[in-house]
Amino acid sequence: MKQTAQKFTKRVILTNEDGLHMRPATMIYECAAKFQSEVELEANGRVVGTHSVMELLLLAAIKGTVITVSAEGPDSEEAVNAVVDLICSEFPY
Amino acid sequence: MKFKDFICNEALIADLKATTKEDAIREMVQALLNAGQIAEADYEGVVQFVLNRESLGSTGIGRNVAVPHTKYQNVKKMVGTVAVSAAGVDFDSLDGQPVHVLFLLISPPDQPQEHLSALEHISKQLREGMFRSFMMQAKSQDDIIELLSEADNNQYAV
């Protein structure tokens, strides 16, 4: 069955105390890598891919930052939901 | 945030001897100690905090780069150093590759925004292939100082 690429987007507020530091960035990178869709994060007008931790760290997102998570591909909704759930979970580790 | 705001030039290591993660961290923390940036009494504590952070997940973030770091209560101002290893360090990196450029960051516990800004600057510069390549080939403290200064002046990434 042919699957069509669909774009899916959700907005979330970063609530963990120390912001999007390296451990959360690594967790997002690992989470997004499980999906076929290309996942992107946008914050403060900056858009980054999730294929590298270095990219994610460019957001330098502090607590309270609004982050838009979007994905395009056959599993875009699942990918966005997984990343949003992770951000909402405040990155337990 | 610029490198000059948190990198201690006196603690730069152009020829890292260590080939393992723990030894590399010890060598870099020792360099900060020798440069007067941390107290001798804090040496083992800082090393253990950095190693504990590594146990949560490697800070070897790919492209031959690692950014080991920790918060430490006795540090009043964020301080860091850079080490270059020609042979490479086994750092359990995300991409499985050995690490040749290491940035060590020690931050006060109550300044998460400063830490994020430092990570942003490090990432912004190191994602540029030319800067990364030049860093890997640095042969002296002066080479590293020059490269960091050029990066601070937006020569590699704007």
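Let me begin with a definition: the expected span of a helix is 1.5 Å times one less than its number of residues. Please keep that in mind as we go, and keep in mind too that what we are looking at is a predicted model.

We can apply the rule straight away to helix α3 of chain B, residues 112-126, which has 15 residues and should therefore span 21 Å, and since its end C-alpha atoms are indeed 21 Å apart, the expectation and the model agree. Within that helix, a number of residues are buried, among them B:H115, B:L116, B:A118 and B:L119, and further along B:I122 and B:L126 are buried as well.

Turning now to chain A, we find 3 helices and 4 strands, and if you read along the sequence they follow the pattern β-α-β-β-α-β-α. The C-alpha trace of chain A spans about 45 × 30 × 20 Å along its principal axes, and its radius of gyration is 12 Å, which agrees with the value near 12 Å for a compact globule of 93 residues. Of those 93 residues, 39% are buried, and among the contacts in chain A between residues at least 6 apart in sequence, 71% join residues at least 24 apart.

Finally, how many residues of each chain are in contact with the other chain? In chain A there are 15, and they are in contact with 18 residues of chain B. On the side of chain A that touches chain B, α1 (22-32) and α2 (53-57) of chain A each supply at least two residues, and the residues of that side divide into 8 nonpolar, 4 polar and 3 charged.

Key. Residues are numbered from 1 along each chain as its sequence is written. Chains are lettered from A and ligands numbered from 1 in the order in which they are written. This is a predicted model: local features need pLDDT of at least 70, side-chain atom pairs count only at pLDDT 80 or more; totals for chains, interfaces and linings use all residues. Two residues are in contact if their C-beta atoms, placed from the backbone, lie within 7 Å. Ala, Val, Leu, Ile, Met, Phe, Trp, Tyr, Cys and Pro count as nonpolar, Asp, Glu, Lys and Arg as charged, and the others, Gly among them, as polar. A residue is buried if 20 or more other C-beta atoms lie within 10 Å of its own, exposed if 12 or fewer, and partly exposed in between; C-beta atoms are placed from the backbone. The radius of gyration is taken over C-alpha atoms; the globule rule is 2.2 Å times the number of residues to the power 0.38.
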